[in-house]
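Hi everyone, thanks for coming. Today I'd like to walk you through the empty spaces and the aromatic rings of one protein model.

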Amino acid sequence: MRLSQSLFVTLREEPAEAEIPSHKLLVRAGYIRRIGRGIYAYLPLMWRVLQKVSQIVREEMNATGAQETLLPQLQPADIWQESGRWDTYTKAEGIMFSLRDRLDGELGLGPTHEEVITTIAKDMIRSYRQLPQHLYQIQTKFRDEIRPRFGLMRGREFIMKDGYSFHASEECLKKTYADMDQAYRNMLRRCGLQFRAVEADSGAIGGSGSQEFMILADAGEDEILYTEDEKYAANTEKAASLPADPVESPFTIFEKRETPGTATIESLCNSLDCSPTCVVKNVLYQVVYDNGKTVLALVSIRGDQDVNEVKLQNELTKVAPNYGGNTIISLTVPDAEAQQKWAAKPLPLGYISPNLGNDYLQTNKDIAPEFLRLVDQTAVSLKNFVTGADETDYHVLGANWGTEFQLPQLQVDIRLAKAGDRAVHDPSQVLQTARGIEAGHIFQLGTKYSEAMGATFTDENGKEQPLVMGCYGVGVSRLAQAAVEQSYDDNGIIWPVAIAPYHAVVVVPNIKDAEQMAAAEKLYTELNAAGVETILDDRNERAGVKFKDTELIGIPFRVVTGKSLKDGKVEVVKRKEGDRLDLALEDVVSTLKAWVDTATQ
Ligand code: ATP
Ligand code: MG
């Protein structure tokens with residue numbers, strides 16, 4: 001590519017729309033342009049990066065025996081109705097764009113493809129002899145994200161590799177899942193990225209495993225907890241840890257005590273001079289299920305602990321059938337306005353006990369008549385605890401389950417693990433924290449979709465069984481931007497060689513100098529012929545401008561046909577290390593070729 005003939009526009013100013021370095025740099029360097037909310041054009045340089053990432057992904061997928069395919073993005077509503085996701089995806093969560101065609105048929109734009117692939121499997125897979133199967137595609141996905149942001153990191157249109165596997169047994173699924181784990185590690189390593197594979201939340205289906213692949217970067221939206229011994233790493237949403245040991249309660253006799261102005265744990269503990277581990281705090285959550293039913297969940301947890309809302313959501317989804325629902329539409333800590341919708345009288349907020357009376361709830365068919373009471377494991381074993389008295393400015397001290405309070409039937413693990421907690425596998429290890437960008441997610445789905453959609457096969461004994469499924473996603477466009485978030489400096493992007501749009505740029509400081517031009521043209525042709533993908537910066541610009549631009553766009557190797565030409569040499573600069581050296585003209589191609597080969601192995 002000759003820059004003089006390319007649509008190549010760099011910006012000196014930081015774009016106002018961008019918050020994080022990678023987004024600013026990709027806009028400034030002319031890789032992407034915003035067209036609308038969460039909608040970006042991938043300009044020629046970006047498209048090359050995306051194709052390189054896709055190619056690495058493709059090679060690693062093919063190496064596992066997976067077959068590339070391309071599925072429709074326009075998806076008829078009926079297959080989503082079959083799986084039971086249409087209403088949640090188009091209305092409740094609203095993540096799926098939907099539309100009507102000229103025949104008034106309802107369609108959605110694919111946010112993911114479980115329904116399409118399961119429809120195909122249902123039609124084509126009959127016998128265990130056809131199993132296992134694994135199909136994948138690299139394609140644009142559409143998601144009406146609530147908060148699209150950070151450029152390609154969270155777009156409403158983005159590129160994903162999604163793969164789906166079908167098996168006759170869980171055991172076979174586990175094997176493919178392990179292959180994917182390895183393939184994903186290979187992809188990220190080959191893209192030149194620092195990452196961590198972490199245990200991930202797999203929602204309420206439970207039982208089945210799920211792992212995320214996190215690119216480490218401070219701007220990451222996810223928090224990772226890990227141990228230094230490398231034996232444990234998990235997304236905070238999923239992480240487990242050992243809570244601190246509780247302090248023995250000093251209140252051995254039950255009493256109700258006036259504790260004015262102690263609605264927070266801190267003020268209560270200051271006033272009573274006790275540890276928060278002696279307190280049972282009670283938190284109210286408002287749950288709305290997909291059938292419109294509102295349930296008030298009262299969660300009791302030890303005073304020093306916080307609730308992990310993802311874990312809570314999973315527990316609440318498990319009990320959805322008790323309320324005639326399937327999924328949760330919203331889970332919130334109700335504010336004063338929300339309380340008006342279901343509270344029969346003002347709540348003693350900050351002083352609630354685990355026994356809070358059901359008479360606080362309005363009688364209304366859309367509202368469950370009783371609180372759903374849950375207790376976290378940290379609160380189950382407490383003795384002589386302090387908790388609310390269901391009366392503003394009063395607490396009870398020295399309380400016990402089984403005497404003053406009934407232990408809730410739902411005893412669950414919903415505490416939030418935090419950095420500094422002791423690890424479960426080895427209490428001498430302390431959880432550390434890091435931030436990451438989720439680039440990939442692999443998931444053992446089991447029979448959720450095949451059962452819902454009737455995708456079965458006949459097993460060796462002639463018995464009909466639901467197909468066992470796995471699904472595996474990589475955010476191709478997110479990964480490409482994450483690479484920049486992990487690698488840049490004050491002057492611009494520093495692409496890993498394997499996914500850089502070009503390996504090298506030949507800069508002609510002065511295009512009016514015929515000798516410089518001739519040497520540059522020759523190098524440009526020979527480098528490209530040798531497989532070193534090279535740009536020629538032959539623009540009629542000052543040398544300084546060209547150097548700045550090549551630094552900004554992050555091309556790994558720069559060759560300058562400048563002053564040293566008279567000695568038969570050119571200056572070569574490595575973008576990452578900043579090393580400069582003079583190379584004899586005849587050594588340039590072989591040297592750069594060797595550098596590229598080493599970096600892309
Ligand atoms: P997130 O939690 O970040 O919203 P997700 O868990 O919904 O992502 P998956 O359904 O697991 O995403 O999709 C697979 C991969 O696609 C993700 O690991 C991520 O890399 C990428 N991805 C998901 N949503 C977006 C988006 N809005 N923009 C860009 N990439 C995305
Ligand atoms: Mg995910």
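Before we start, one term: a cavity here is a set of grid points where a 1.4 Å probe fits but cannot get out, and its lining residues have an atom within 4 Å of a point. Please keep in mind that this is a predicted model.

So how many cavities of 30 Å³ or more does the structure hold? There are 4. Let's take the second largest, with a volume of about 50 Å³. Its lining is made up of Val505, Thr550, Glu551, Ile555, Phe557, Arg558, Val573 and Arg575. Two elements, α14 (543-553) and β29 (557-560), each give two or more residues to that lining. By class, we have 4 nonpolar, 1 polar and 3 charged residues there.

The largest cavity holds about 80 Å³ of space. Its lining includes Ile20, Phe150 and Arg478, and strand β21 (residues 432-446) gives the most, with 3 residues. Here the classes come to 5 nonpolar, 2 polar and 5 charged.

Now to the rings. The count is 7 aromatic pairs. In one of them, the planes of Tyr184 and Phe213 stand at 50° with the centres 5.2 Å apart, so the pair is tilted. Tyr184 belongs to helix α6 (residues 170-190) and Phe213 to strand β10 (residues 210-216), so this pair links distant parts of the chain, 29 residues apart. Tyr184 and Phe213 are both buried. Elsewhere, Phe385, Trp401 and Phe405 are linked by ring pairs into a cluster.

Finally, look for charges over rings. The charged end of Arg48 sits over the ring of Tyr502, 3.9 Å from its centre, and that of Lys345 over the ring of Tyr360, 4.5 Å from its centre.

Note on methods: Residues are numbered from 1 along each chain as its sequence is written. Chains are lettered from A and ligands numbered from 1 in the order in which they are written. This is a predicted model: local features need pLDDT of at least 70, side-chain atom pairs count only at pLDDT 80 or more; totals for chains, interfaces and linings use all residues. Side-chain values use heavy atoms; hydrogens and water are left out. On a 1 Å grid over the protein atoms alone, a cavity is a set of points where a 1.4 Å probe fits but cannot get out, and a pocket is an open set with protein on both sides within 12 Å along at least five of seven lines; lining residues have an atom within 4 Å of a point. Grid points are joined across faces, edges and corners, and a volume is the space filled by probe spheres set on the points. Helices (H or I, at least four residues) and strands (E, at least two) are DSSP runs, numbered from the N terminus. Ala, Val, Leu, Ile, Met, Phe, Trp, Tyr, Cys and Pro count as nonpolar, Asp, Glu, Lys and Arg as charged, and the others, Gly among them, as polar. Rings of Phe, Tyr and Trp (its six-membered ring) pair if their centres lie within 6.5 Å; planes under 30 degrees apart count as stacked, over 60 as edge-to-face and the rest as tilted. Buried means under 20% relative accessible area, exposed over 50%, partly exposed in between (1.4 Å probe, protein chains only). A charge sits over a ring if NZ of Lys or CZ of Arg is within 6 Å of the ring centre and within 35 degrees of the ring normal.
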